[in-house]
Amino acid sequence: MTDKNPLLEEFSLPHGAPPFDRIKEEHYLPAVKVAIEEARAHIEQIKANPENPTFENTITAMELAGERLGMVTGIFYNQLSAAGTDPLEDLAQEIGPVSSNFSSDIIMDEVLFKRVKTIYDQREKLNLTSEQATVLEDSYKGFVRGGALLDATKKQRLREINEQLSVIGPDYAKNVKKSAEAFTLVIDDEKDLAGLPKTSIDAAALEAEERDLKGKWVFTLDYPSYGPFVTYADNRALREKVWRAFGSRAFGDQYDNCDNVLKIVSLKDERAKILGYKNHAEYVLEQRMAKTPDAVMGFLKKLLATYKPAAEKDLKDLKEFAKGYGLTDDIMPWDVAYYSEKMKEKLFAFSSEDLRPYFPLEPVLKGTFEHFSKLFGITFTPAKYPVWHEDVMAYDVTD
């Protein structure tokens, strides 16, 4: 298999860049399975090491054990996010549980955890660098938060929860994407395009042409199509239609996510409680800056007290402006972007579309690269690598 699957070969391109011109969707699952077996063999070697546990023979070795697996899954999930094809989404339903079960095998391995804990308990005497101390701390906490201290029954239930979440998560994302793709607003009367900028109209015409609807205009829920429509379209009824469709993706249709949401919330709550936390928020925030749900709520209440009066004034001003602009009933969510843009144009003689000519892709990229070059002392150089789509541009980043 290694001579046929590019994911299982050593990448010969500069900097170990993936050979996207050779990688096919059918390569991912076999590569993940082989990489897991490789990683499992490395883990067994660590466990069988007769020497006393050290940072090098345990923590460093663990970090390197799944190197190929991390590379393969990294490429897969990058492509799942970037391309999101139906076959990749189907693969996620298989790769998720396989990877989840392997992670559970590692985290819940008593022998491996004993070695990690031995090093962690001696950390003050080991003269570790700050980087090593951080890796050790993260490794130990990862085991504990992954269930290493639980009894066999709770470990098994936690394993089941993790496996279910690994399937439901991608399924949730797939439903949102499919539901969004299922909606199109097809316009055949040019009057319904009133207010829209030429760039938006041209894009809708191209979308229609690609769908064999030449002579019409197609708007979708992709943000480059949705955003300009709810901001500029004069037809209020169509703005409402598009806004409601965007806000109800994967709700109430054949891709309804309500059951998935309930399952995700329930499973994460159960997982947190199995691990000794009051709820999922407490579990998640423990390793974040806020630390506790109370701290987050305090921050949100402070923001509310600070910003709500100004927001209420802005809304009042917008309502007054909309009335003067001809709106006879109360302002609705699908009106906010539209009248906000109109008010900005009246007050400042300025439209968001006025900025567009100043931000073509090439100058924006050039300016971005120059900014980061000055900030971090790095250099961006156009490079030729195999890419997964003709629109992708590759660069070498050097220090």
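Aromatic pairs make a friendly way into this predicted model, and the structure holds 18 of them. One such pair joins Phe 113 and Tyr 140: the ring centres lie 5.8 Å apart and the planes meet at 20°, so the pair is stacked. The stacking bridges distant parts of the chain, since Phe 113 sits in helix α5 and Tyr 140 in helix α6, with their positions 27 residues apart in the numbering. Phe 113 has a relative accessibility of 8% and therefore counts as buried. Tyr 140, at 14%, also falls under the 20% limit and so counts as buried.

A second stacked pair is formed by Phe 369 and Phe 380, with 4.2 Å from centre to centre and 10° between the planes. Here, too, distant parts of the chain are linked: Phe 369 belongs to helix α15, which covers residues 361-376, while Phe 380 belongs to strand β3, residues 379-383, and the two are eleven residues apart. The two partners fall on either side of the 20% limit for burial. Phe 369 has a relative accessibility of 18% and so counts as buried, whereas Phe 380, with a relative accessible area of 22%, is partly exposed.

Returning to Phe 113 and Tyr 140, both take part in a wider arrangement, in which ring pairs link Phe 113, Tyr 120, Tyr 140 and Phe 143 into a cluster. Phe 143 appears again in the interior of the protein. The largest nonpolar core has 38 residues, and Leu 7, Tyr 28, Phe 76 and Phe 143 touch the most other members. Several helices supply this core: α1 (28-48), α2 (55-65), α3 (67-82), α4 (86-107), α5 (110-121) and α6 (130-145) each give two or more residues. The largest share, nine residues, comes from α1.

Tyr 28 offers a closer view of this core. Setting aside neighbours within four places in sequence, Tyr 28 is in contact with Leu 7, Ile 23, Val 72, Ile 75, Phe 76, Gln 79, Leu 88, Leu 91 and Ile 95. Two of these partners, Leu 7 and Phe 76, are themselves among the residues that touch the most other core members. Apart from this core lies another, of 19 residues, including Phe 183, Ala 204, Leu 221 and Ala 245.

Just before Tyr 28 comes His 27, which lies in the segment before α1. With a relative accessibility of 13%, His 27 counts as buried. Not counting residues up to four places away in sequence, the residues that His 27 touches are Lys 4, Asn 5, Pro 6, Leu 7 and Arg 22. Leu 7 is thus a contact of both His 27 and Tyr 28.

These local details belong to a protein with 15 helices and four strands. Along the principal axes, the C-alpha atoms fill a box of roughly 80 × 50 × 50 Å. Of the 399 residues, 34% are buried. Among contacts between residues at least 6 apart in sequence, 64% join residues at least 24 apart.

At the surface, the protein exposes about 24300 Å², and carbon and sulfur atoms supply 56% of that area. The protein carries 52 positive and 67 negative charges, and the mean positions of the two sets are 5 Å apart.

How values were computed
Residues numbered from 1 in each chain as written. Predicted model: local features only at pLDDT ≥ 70, side-chain atom pairs only at ≥ 80, totals over all residues. Heavy atoms only, no water. Buried < 20%, exposed > 50% of the residue type's maximum accessible area, 1.4 Å probe, protein only. Contact = heavy atoms within 4.5 Å. Areas by Shrake-Rupley, 256 points an atom, 1.4 Å probe, with all protein chains shown as cover. Lys, Arg positive; Asp, Glu negative; His and termini not counted. Charge placed at Lys NZ, Arg CZ, Asp CG, Glu CD. Core = buried A, V, L, I, M, F, W, Y, C linked by side-chain atoms within 4.5 Å. Phe/Tyr/Trp six-rings, centres within 6.5 Å; stacked < 30°, edge-to-face > 60°.
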